[in-house]
Amino acid sequence: ATTSRGSAIIVQVDGKTVYKASLNEAHVFVVQGVLGPVTVETRNGKAAVTHSGCPNHICERTGWRSSAGEVIVCVPNKVVVRIVGDAPSGVRATTG
């Protein structure tokens, strides 16, 4: 399977979308998770959770991700960072 570059992220807390951002712009934002704040950063086509108040920090150790379909999850905080592409995989846009 080919992996396509992601173009944006969707951040969800407890199943609700709270933030959307382009991966091509530098953003640092804090979302309020169930246990506390989670810091998400985007830059140079990549995204990462750079700080979380969770006990084990697996989300931080996941590191920077850039491919459409990749997900960074902070389970204790119920925060999901999903990397999405321009179009769903396997779908081609046509004009005319």
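## An aromatic pair and a three-stranded sheet

Y19 counts as partly exposed, because its relative accessibility is 26% and the partly exposed class runs between 20% and 50%. This is a predicted model, and the values below are computed from it.

**The aromatic pair**

How many aromatic pairs does the structure hold? The structure holds 1. Its members are Y19 and F29, and their rings are stacked. The centres lie 3.6 Å apart, with 20 degrees between the planes. The cut-off for stacking is under 30 degrees, so the label follows from the angle. This pair links distant parts of the chain: Y19 sits in strand β2 (residues 16-22), F29 in strand β3 (residues 27-32). The two residues are 10 apart in sequence.

Is F29 buried or exposed? F29 counts as buried, because its relative accessibility is 7% and the cut-off for buried is under 20%. S67 also counts as buried, at 19% relative accessibility.

| Residue | Relative accessibility | Class |
|---|---|---|
| Y19 | 26% | partly exposed |
| F29 | 7% | buried |
| S67 | 19% | buried |

**The chain as a whole**

The chain has 1 helix and 7 strands. Along the sequence they run β-β-β-β-β-α-β-β. Of the 96 residues in the chain, 34% are buried. The chain exposes about 5900 Å², and carbon and sulfur atoms supply 50% of that area. Take the contacts between residues at least 6 apart in sequence: 34% of them join residues at least 24 apart.

**The sheet**

Strands β3, β4 and β5 make an open sheet, in the order β3-β4-β5, with antiparallel pairing. Which strands form the edges? They are β3 and β5, and each pairs on one side only. From one strand to the next, the twist averages 25 degrees.

Start with β3 and β4. They pair in the antiparallel sense over 6 bridges. Q32 has its bridge partner in β4, at P37. A hairpin joins the two strands through 4 residues.

Now β4 and β5. This pairing is antiparallel too, over 6 bridges. R43 has its bridge partner in β5, at K46. These strands also form a hairpin, with 2 residues between them. N44 lies in that turn and has a positive phi of about 50 degrees.

Why is β4 described as largely enclosed by the rest of the structure? The reason is burial: 5 of its 7 residues are buried.

**The nonpolar core**

The largest nonpolar core has 18 residues. Those with the most contacts inside it are I9, V11, V31, V40, V49, V79 and V81. Several elements give two or more residues to this core: β1 (8-13), β3, β4 (37-43), β5 (46-52), β6 (71-74) and β7 (79-84). The list therefore takes in each strand of the open sheet, β3, β4 and β5.

What does V31 touch, leaving out residues up to four places away in sequence? V31 touches V11, V13, V18, G36, P37, V38 and V79. Two of these, V11 and V79, are also among the core residues with the most contacts.

**A buried serine in a loop**

S67 lies in the loop between α1 (58-61) and β6. Its 19% relative accessibility is under the 20% cut-off, so S67 counts as buried. Which residues does S67 touch, not counting those up to four places away in sequence? They are T3, S4, G6 and I83.

Note on methods. Residues numbered from 1 in each chain as written. Predicted model: local features only at pLDDT ≥ 70, side-chain atom pairs only at ≥ 80, totals over all residues. Heavy atoms only, no water. Phe/Tyr/Trp six-rings, centres within 6.5 Å; stacked < 30°, edge-to-face > 60°. Buried < 20%, exposed > 50% of the residue type's maximum accessible area, 1.4 Å probe, protein only. Contact = heavy atoms within 4.5 Å. Areas by Shrake-Rupley, 256 points an atom, 1.4 Å probe, with all protein chains shown as cover. Core = buried A, V, L, I, M, F, W, Y, C linked by side-chain atoms within 4.5 Å. Pairing = 2+ DSSP bridges. Axes fitted to C-alpha atoms, helices over the stretch in contact; angles between N-to-C directions.
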